[in-house]
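User: I would like to go through the ligand site and the sheet beside it, with the reasoning behind each term. Please begin with the ligand.

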Amino acid sequence: MSNQLLVIAGPTAVGKGTVIAHILENYPDVHLSVSATTRAPRPGEVNGFDYFFLTHEQFDQAIAAGEMLEYAVVHGVNKYGTPKAPVVEALKRGEKIILEIDVQGVAQVKAAMPDCKTVFIAPPSWEELVRRLQGRGTETPQEQARRLETAKAELATQDDFDYVVINDDVASCARKVVDLIQA
Ligand code: 5GP
């Protein structure tokens, strides 16, 4: 059943969000799990759609209640996690589900659901990754530096994934990712 579950990770600014948006728009039978986080919403982000925005207390209560399929502290500050029930229910209905989570979370999902497929989205090069992060302009220089540190550590883990797909072109990257679920 969990072979319909695709777990995607990749460094900051690699364009995961764009690839996933392309998938959701063009492959209507693929659904994205909405994560929970303790970080503040960015302008335009909607609670329950982009994330479930929780306080640290609410997040810890959800962990204690066993409601998280996985969770991790990302970029050294905030907790992010996947609510378990919606994923289990969707898989029962036979839906194809994508999780977009950090590399620590991937190992936890693989342990809980060994049939899932894990995919690492990689940048064409390190220089291109730095260029994309700086070009996005949504983070302070300090936050950018912290994200690049995380990115370096994440790039080092790509051999642990079932598949690596390079994001050089959004549409072709999206197609390769979707083909993995259908494979
Ligand atoms: P952002 O703050 O830019 O939305 O996300 C920061 C990082 O958190 C991303 O690298 C993303 O993969 C990770 N993340 C988002 N949701 C989850 C989740 O549910 N679990 C885990 N482990 N990481 C997540």
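**The ligand and its shell**

Analyst: In this predicted model, 17 residues surround the ligand, and the closest are Ser35, Tyr51, Glu70, Tyr80 and Asp102.

User: What makes the approach of tyrosine 51 to the ligand a polar contact?

Analyst: A polar contact needs a pair of N or O atoms within 3.5 Å. A polar side-chain atom of tyrosine 51 lies 2.5 Å from a ligand oxygen atom, so the pair qualifies. Lysine 16 also has a polar side-chain atom 3.3 Å from an oxygen atom of the ligand. For threonine 82, a side-chain N or O atom is 3.4 Å from a ligand oxygen. Of the 510 Å² of accessible area that the ligand has on its own, the protein covers 93%.

User: Which elements give two or more residues to the shell around the ligand?

Analyst: They are β5 (68-74) and β6 (78-83). By class, the shell residues comprise five nonpolar, five polar and seven charged. The space that the ligand takes is the largest pocket.

**The sheet**

User: How do you know that β5 and β6 pair?

Analyst: Two strands pair if DSSP finds at least two bridges between them. Six bridges join β5 to β6, so the two count as paired. They run antiparallel, and valine 73 stands opposite lysine 79 in β6.

User: Why is β5 called an edge strand?

Analyst: The open sheet has four strands in the order β4-β3-β6-β5, with mixed pairing. Both β4 (52-53) and β5 pair on one side only, and these are the edge strands.

Definitions and conventions: Residues numbered from 1 in each chain as written. Predicted model: local features only at pLDDT ≥ 70, side-chain atom pairs only at ≥ 80, totals over all residues. Heavy atoms only, no water. Near = heavy atom within 4 Å. Polar contact = N/O pair within 3.5 Å; in protein donor to acceptor, adjacent residues only side chain to side chain. Areas by Shrake-Rupley, 256 points an atom, 1.4 Å probe, with all protein chains shown as cover. 1 Å grid on protein atoms, 1.4 Å probe; cavity = no way out; pocket = protein on both sides within 12 Å on 5 of 7 lines; lining within 4 Å. Sits in = over half its atoms within 2 Å of the grid points. Nonpolar A, V, L, I, M, F, W, Y, C, P; charged D, E, K, R; others polar.
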